[in-house]
Each structure stands twice: as structure tokens, then as C-alpha cells.
Amino acid sequence: YTWVRAALHHGVISRVRRGVYARPWACRDLVRATAHGGTLACVSAARHLGLWVLDDAPEVHVWLPSRHHYVHEGCDCVAHWDDSRAGAGTAVPPVRQILRQILHCRGTEEFFVVLESALRQRLAGASDLRWLRSRTNAAAREAIDLARKDADSGLESLLRWRLRHLGVSVRTQVPIAGVGVVDAVIGDRLLIELDGRENHDGTSMRHKDLVRDANAALWGYTTLRFDYALVVHDWELVEAAILGALGRPLP
């Protein structure tokens with residue numbers, strides 16, 4: 001192990017735990033999960049795969065093959081144990097297992113959002129839906145029935161999920177003459193634009209958004225525009241604005 005000691009000394013590798021080492025560019029969350037004695041799970045695994053999750057919470061979710069784990073510096077890990085051992089020895093468990101972990105850990109709403117992201121990216125398919133349907137609860141089965149593979153963002157998924165009880169028609173990624181493709185259309189004349197965290201920043205993008213909204217008004221449409229913070233953290237205001245634009249009373 002002379003070469004290991006030399007590599008450690010020169011910073012070529014770092015010790016994760018006894019007998020386990022990492023390169024400097026290794027995924028930080030995966031290194032922390034390995035230090036804990038398992039592999040990435042739940043929302044941490046979903047984020048590692050590039051799936052849309054609701055927040056960037058700093059804690060790492062770890063799937064453990066047994067109740068044994070290691071104590072390590074700065075540990076804020078959230079442990080997961082479940083009856084599937086398919087994820088043992090891999091960077092992340094199968095997507096179907098990740099989705100079920102999210103359901104039990106974070107609830108049906110986030111399960112639905114990540115499920116639609118997995119369907120959109122073709123990381124989940126019909127066999128995964130059948131597997132989940134037979135191993136989840138009634139709320140999850142409702143989410144599976146509503147899930148589609150054409151959601152362009154998690155905000156679109158969240159919008160459809162949270163509006164489902166109002167009995168309104170919500171179409172997503174709809175082409176509108178003179179405007180372009182809009183994120184969602186509710187009813188016949190209400191356009192919803194969802195400005196994600198990475199998009200619509202800067203003067204140029206703001207001007208383009210205003211031009212789109214003006215063109216929509218020219219054609220008789222009303223546009224409501226919401227950003228990430230409003231949809232995720234101030235939903236009551238978003239719903240009230242939508243109901244007001246539809247001329248419907250607040251619940």
C-alpha cells in the first residue's frame with residue numbers, strides 16, 4: 001500500500017473510510033453516502049440522476065443494506081432501509097426504488113414531481129409503474145394515474161398536481177398563435193408561464209417575456225406569470241390569483 005500512502009500524501013486521493021478512497025473530483029454527495037456505509041437514496045439519488053426535485057436541502061439521503069453505519073465528520077445523513085436489495089453495491093438504487101423512498105420520506109406531491117421527471121427522461125417506464133402500483137398506497141396510485149411523460153419542468157408537474165382538486169382543465173406546453181409555446185393553459189383563455197430558477201433572468205429575457213404577454217393580450221388571452229419561489233413557497237397566493245383570473249370564488 002505504499003502507492004496509497006503516497007497518493008494520500010500528495011492529495012491524489014482522500015480517505016473516505018477504512019479501505020475506501022475517492023478522487024478529488026468524485027461526487028460530494030456520493031462520497032458522503034459512502035462514508036456513511038451505503039449509497040445515495042431518495043431525493044439525493046434523484047438529484048444525482050438529474051431528476052427534478054423540489055429543493056436543494058444539504059442533507060444526504062443514504063440507502064443502507066443493514067442497520068450498521070459508520071460515524072463520519074459532518075454527518076447529516078438521512079438513513080433509508082427498505083426491503084429491496086437491488087441497490088447494494090451501486091451508486092444509486094434503481095429508479096423505481098428511489099421513487100418509493102421519496103414517497104415514504106417526502107410525501108406524494110414530491111413523488112409525483114420526480115415521477116414525471118423520470119418519465120420525461122425515460123428513466124422509468126411501464127414496468128416501473130406496475131411495480132410501484134403494487135407496492136405503494138392509494139395516494140401514490142392516484143399520482144401514477146395522473147402522471148405524464150411530457151412535463152417540461154417540475155413546476156409544471158407541481159401546478160397540475162396542486163390544481164387537480166379544482167376541476168379545471170390544465171394543458172401544458174401548448175402552442176398559441178402569435179405567442180409561442182406557453183407552459184400551461186387553464187380553460188380557454190388563461191395562460192400560465194412558470195419562470196424557473198435558471199431562466200428568465202436579465203433585462204433581455206424580461207423584455208421577451210413582456211412582448212409575449214403583450215401579444216397574448218392582443219389575442220384575448222390573460223397571462224399570469226409565477227416564479228419558482230411563488231409556486232413552491234407561496235402556493236396560496238398562486239391559487240388565489242388563478243381563481244381570480246377565472247372569476248371563481250376562493251375556496
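In this predicted model, helix α6 spans residues 126-133, and its buried residues are Asp-128, Trp-131 and Leu-132. These three cover an arc of only 95 degrees around the axis, which means that they sit on the same side of α6. Beyond this helix, the briefing covers an open sheet of four strands and two helices that lie against the sheet, α8 and α11.

**Helix α6**

- An α-helix has 3.6 residues a turn, so residues three or four places apart point the same way.
- Asp-128, Trp-131 and Leu-132 are the buried residues of α6, while Ala-126 and Arg-130, on the other side of the helix, are exposed.
- The cover over the buried residues of α6 includes three helices: α4 (95-106), α5 (108-120) and α7 (138-146).

**The four-stranded sheet**

- The strands of this open sheet follow the order β6-β7-β8-β9, and their pairing is mixed.
- At the edges are β6 (170-176) and β9 (222-227), each of which pairs on one side only.
- On average, neighbouring strands of the sheet are turned by 40 degrees against each other, direction ignored.
- Strands of a sheet pair through backbone hydrogen bonds, either parallel or antiparallel.

**β6 with β7**

- Strand β7 covers residues 180-186 and pairs with β6 in the antiparallel sense, over six bridges.
- One pair of bridge partners is Val-170 and Ile-186, the latter in β7.
- β6 and β7 form a hairpin with three residues between the strands, where Gly-178 has a positive phi near 80 degrees.

**β7 with β8**

- The pairing of β7 and β8 is also antiparallel, and here it runs over three bridges.
- Val-185 is opposite Leu-191, a residue of β8.
- This hairpin, too, has three residues between its strands, and Gly-187 in the turn takes a positive phi of about 70 degrees.
- Strand β7 is mostly covered, with five of its seven residues buried.

**Helices on the sheet**

- Helix α8 (residues 154-163) lies across three strands, β6, β7 and β8 (190-195).
- The direction of α8 is at about 130 degrees to β6.
- Helix α11 (residues 235-246) also packs on the sheet, where it touches β7, β8 and β9.
- The direction of α11 makes about 180 degrees with that of β9.
- Both β7 and β8 are thus among the strands listed for α8 and for α11.

Definitions and conventions: Residues numbered from 1 in each chain as written. Predicted model: local features only at pLDDT ≥ 70, side-chain atom pairs only at ≥ 80, totals over all residues. Heavy atoms only, no water. Buried < 20%, exposed > 50% of the residue type's maximum accessible area, 1.4 Å probe, protein only. Arc of directions from axis to C-beta. Contact = heavy atoms within 4.5 Å. Pairing = 2+ DSSP bridges. Axes fitted to C-alpha atoms, helices over the stretch in contact; angles between N-to-C directions.
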